[in-house]
Amino acid sequence: MWRRELSVHGTDISDYVVSGDLLIDFVLSNTLNSNFSACSIQTVQKMLKSNKQFCSKLGKYRMPFAWSVRSVFKDNQGTVDRESRFSPLFKQESNKISTEDLMKLITDVFYRAEKASKLQIIPGNLEINVDCVPMECPNCVTSSYVALRPFEDCGLHAPTVEVDEFLQDSSKFAQPYRVYKNHIYIYPKHLKYDSQKSFAKARNIAVYVEFRSSDEEHAKPLKCIYGKPGGPVFTTTACSTVLHHSQNPDFCDEVKIELPTHLHEKHHLLFSFYHVTCDINAKTSSKKKEALETPVGYAWLPLLKDGRVSSQDFSIPVSCTLPGGYLHIKELWLGRHENGSDVKWVDGGKPIFKVSTLVLSTVYTQDPHLNRFFQQCQKREADLSQAPTSNFLNCLKGLLSMERIHVIIRFLPVIFNQLFKVLTQNDTDEVSTSTTRVLVHILAKCHEENLGHYLHSYIKVHYMICISRPQRCFTFMDRGFTFKLISNYINMITASDNKMLCELKFEFIREVCNYEHYVPLSLPIPSARITVDFPEYILTEEFCRKHFLTGLLLRELGLALQDEQDLRHLALACLKNLMAKHSLDSRYAIKEKQARIASLYLPLYGLILDNMPRFFLRDLFPICLTASDQKRLQHDDGQNSLMKKVFDTYLLFFQINQSTSTLKHVFTALRLFIHKFPSTVFQGTADLCGSLCYEILKCCNHRSSSTQTEAAALLYFLMRRNFEFTKGKCIVRSHLQVIKSVSQLIADAGIGGSRFQQSLAIINNFANGDTPLKNTTFPAEVKDLTKRIRTVLMATSQMKEHEKDPEMLVDLQYSLANSYASTPELRRTWLESMAKIHVRNGDLSEAAMCYIHISALIAESLRRRGEQRTPALRTLRTRRCRITPHISEYELIAEINKPVIAVFEKRRDFKRLSELYYDIHRSYLKVTEVVHSEKRLFGRYYRVAFYGQGFFEEEESKEFIYKEPKLTGLSEISQRLLKLYSDKFGADNVKMIQDSNKVNPKDLDPRFAYIQVTYVVPYFNEKEQIKSELPINSHLCCLCCSAASSGFPFLKKRVEVVEQQSTEMNPIEVAIDEMSCKVSELNQLCGMEEVDMIRLQLKLQGSVSVKVNAGPMAYARAFLEEKNAKKYPDNQVKLLKEIFRQFADACGQALKVNERLIKEDQLEYQEEMKAHYKDMLTELSAIMNEQVSTLHPMH
């Protein structure tokens, strides 16, 4: 078994994130053999022995066996889908191997259920973890297997390999090459060998790929092909998969090769074709036994064409033998070597082998103009004393013809380096003019595509190279003169200059301050030390004169603090890095030296004091308010934009990491704020109160005990102020928002540990000790709130315990949502959480139902308030609209949109109405399509019962109806549940009940957990509320109906069975029901506008074929033969006879329709079916004592 590496072709991941279509395709291979098939228990040992023999002889050959696929992202925001499972393992068909075929199959699996249902499924499942890789990933290597940094302990961190990206040739994805990469990917595609006459046997064909640097007779392949996982890093040969008994095989292999840095004309790819024998019967005599591999042809492909290696598709001929010097064969169709010897070609030298190459190289460009320019530059460097040749000038001018911007960008640094070298090494006017024109051409192209930042990066890198030179000036020149040069350079750049220049200025300062003798230069002589008085904290001219480099840095820092944020951060980072360097410098490790260096930065305090408003008050300007500002804040009871700015500023302190002392001041400020502006928090919309509760509760889980206490005190103050604001009535606002925030924080921050519980205890203690409110309802309300919080936390703990059990997890959330039936806001929170789980698991119908319930909650709330619109409702409609096109219940879409249509009609919003009606129009078209085709699958349903008090607790002896994805088989759900509960209780403690009979729990062993899974089908009575189970016993006489607590689709995937009914039916009644169904199905198939011929033929086979007609004819013999008919009521016997007459007529009509539709290759099949039909009529006539014929005679 081996893994196929997935590469992203044609675009980058950002495109896939938007569409959500990035997929992982897993291809499973098995050992090449000719006898692989399903086997019974009796033959398993024989098959195992046979397969061991195949593996020992053919172990290195692989043939495609199965494939599976899953999505990478669970939404359009780029969220990695960690929970999704792979599709079933589908059998790999030998005629659908190519990438194009695979993409069609994947499309069928995801979007065409009727086609996916026809794919053969291999028993088994695939589990691969998919997760985000952190940016700082240890033990990581590039796609060329070069370590990004020295490896750490591999026992702690497994190695990570970067994969190559095959990007589109467009400016959107272009960026300069920064890391060496020199790969070529080889893709054998197809070999057409059905017309060849050169080899007696050429069926099981393996292709060997080699990279060679010579075509001499005894030349060896180069060891530069990347090996498979688990093997050597590099190998000399790569072998393709083998299609059993195929003369025209397709290939799906990818061969990755590390190219040499210098290619020459002899470098080429050699393809060797071998017939692999599968006849390894041990009894065969040694004389007759074939060689394992027989050569059946060779093909070769030179890499360089016109001095350039390219990515393209090739069709090349195949030679019967491999002559020496084969690269010199020019005229393939003549079949003659240059030295005169004959070359024998397979199939007359036709190009019968298709192969593709894809070059991913930072060395070799595929642009012809650029390639010729680089070649001429390389030739010219050999002798610069000679004047430029005409070829050189033509190639230089040829760069003006480069229109593909992605080529320019990828090789931008190399192009610029070469052009500037040409400009400086030549003094002819023509060369200078042409070079300048090319530079202007490239600049114009970059600006046209808004890629000027790459030009800036190039300039910046070269600027950094240049600015390192002043350090050398300190060594070889007078330092006073050097200081003047530095000062002049800095003063040339002012705050009004381009932002990039200002950034480069700080890069220059950073480089100067990195000089190894920075400290001695800043503290030149002891007499220059700063006197210990107030001026040492002030950045003065005297200080800058005595401590030039430090003074320069602090002066520019002070100016940057007056500028925009990016520049402030750059200046502060420069200072921080320098101070960190001092602290780690072993030359100044002594405490006294560190203190002396620290005195250099004392003026920093003065800068901080001068710019305090910029650090704090600039962002917190509303705190220092005038009387008029305070009036503005209180306008509309605090529901205004200015108040929101003030509030957001406070919350900003919580959202950015702060010190404990800073948070203490923030808590104090917020208490004053809540006291002064209570209407802002407790009146109007609850958004501000909710945001505040969220941040305070987050601090209740803080690692600092003092911050926990402060947060608990602030939350208690918030509830107390709420109680006072309502004049002692209640704390509903804070209660709801706290519970809602807790529900959100469970998912966001994982609260609920001992620290959080301690904060809740602090709040209760505050309430119990609050003497002024002791005789009010307030303490009881606080206690009730903390109790509810603990209930939510306990439920969350249970959810964590069942996080791998999707049904139980949703059940718990559903229970919590129901517990807040009287609180729509909290109910909505849990319904949204349920919807997210359903979407993650691919249960879109259930997710849509959750969003519909939420919409109903919001709509009801709006109705009570007399409103018609809300942003939340629009957001929910958007989410619902994304989901509903992917569900199968198309009829519901019109019903869902009716309330929304009423709102938009009242507002006369015709644009929205047109969109809604278009959605409904599409849904009705889909209904029409699936009704006619009868190819809609709503899912499959199973009754699942659990037994074992010591294991299942509340679920013990309960039965549930499970709704499973469309194609889920009984074995698949049984295996899923068995694995789920085996992981939970232990594999030895779980057993599956293999039948559907009624279970008596007393008969079961209490030491084990039992699970019974039974297939059920939906059954609708007059009220259409019953889910039914139709297991008919061996005597065909019992109908068992299980009534569930709810129908489907529902908010959950499983619902509990609340009632069971069993109705006894006598055998003839069962026969009447069965035969009526068969007649109805045949008539319906014949009456369709577009007849489904496959279904029709399957029904016909099950009706008239002698081999499988035991069902219908068994009914006829059992109930209509004279000796048996006397046992049953006459009216039922007569009814069954009439149904059999209709059955005979329906079969005749079906045969007539089939005869009209079939082609010549099925005429023999039709005649066979007619013969079976006549035999059935003859036997039926004898049983019924009458001539049974059809109303539709056949010719």
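1. A quick convention before anything else: contact here means heavy atoms within 4.5 Å. With that in hand, we can start at Y454, which sits in helix 10 (residues 452–467). Setting aside neighbours within four places in sequence, Y454 is in contact with A174, Q175, P176, R178, I409 and L412. One of these partners, I409, is 45 residues from Y454 in sequence, and the two C-alpha atoms are 7.7 Å apart in space. Y454 has a relative accessible area of 13%, so it counts as buried, the cut-off being under 20%.

2. Please keep in mind that this is a predicted model. The average pLDDT of the protein chain is 80, and 85% of the residues score at least 70. Over residues 284–289 the pLDDT falls below 50, and that stretch has three contacts in the model beyond near neighbours in sequence. Residues 1022–1038 also have a pLDDT below 50, yet 48 contacts beyond near neighbours in sequence are found for this stretch in the model. I would read the two stretches with those values side by side.

3. Now for the overall picture. The protein chain has 1195 residues, and buried residues make up 46% of them. Its secondary structure comprises 43 helices and 25 strands. Taking contacts between residues at least 6 apart in sequence, 69% join residues that are at least 24 apart. The accessible surface comes to about 64900 Å², with 54% of it belonging to carbon and sulfur atoms.

4. Which residues touch the most other members of the largest nonpolar core? They are V742, F756 and I789, in a core of 83 residues. V742 is in contact with both of the others, F756 and I789, and also with L697, I751, V792 and L793, once neighbours within four places in sequence are left aside. Another core, of 39 residues, lies apart from this one; V1079, M1113, F1119 and F1140 are among its members.

5. Two histidines deserve a look, beginning with H267. This residue lies in the loop between strand 14 (255–258) and strand 15 (268–276). Is H267 buried or exposed? Its relative accessible area is 5%, so H267 is buried. A polar atom of the H267 side chain lies 3.0 Å from the backbone nitrogen of H264. Not counting residues up to four places away in sequence, H267 touches F211, R212, S213, L222, P260, H262, P302 and L303.

6. The second histidine, H190, is part of strand 9 (residues 182–191). Where does the side chain of H190 reach a backbone oxygen? That oxygen belongs to P249, at 3.3 Å. P249 also appears among the contacts of H190 beyond four places in sequence, together with N248, D250, F251, I352, F353 and K354.

7. Finally, the cysteines. The structure holds zero disulfides. For C699, the nearest cysteine sulfur is that of C700, 7.4 Å away, and C699 is in no disulfide. A disulfide calls for cysteine sulfur atoms within 2.5 Å, so this pair does not qualify. C699 counts as buried at 7% relative accessibility. C502 is buried too, with a relative accessible area of 4%.

Notes
Residues are numbered from 1 along each chain as its sequence is written. Side-chain values use heavy atoms; hydrogens and water are left out. A nonpolar core is a set of buried Ala, Val, Leu, Ile, Met, Phe, Trp, Tyr and Cys residues joined through side-chain atoms within 4.5 Å. Buried means under 20% relative accessible area, exposed over 50%, partly exposed in between (1.4 Å probe, protein chains only). Helices (H or I, at least four residues) and strands (E, at least two) are DSSP runs, numbered from the N terminus. Accessible areas come from the Shrake-Rupley method with a 1.4 Å probe; for residues, only the protein chains shown count as cover. A polar contact is a pair of N or O atoms within 3.5 Å; within protein, one must be able to donate a hydrogen and the other to accept it, and residues adjacent in sequence count only if both atoms are side-chain atoms. pLDDT is the predictor's confidence in each residue, from 0 to 100.
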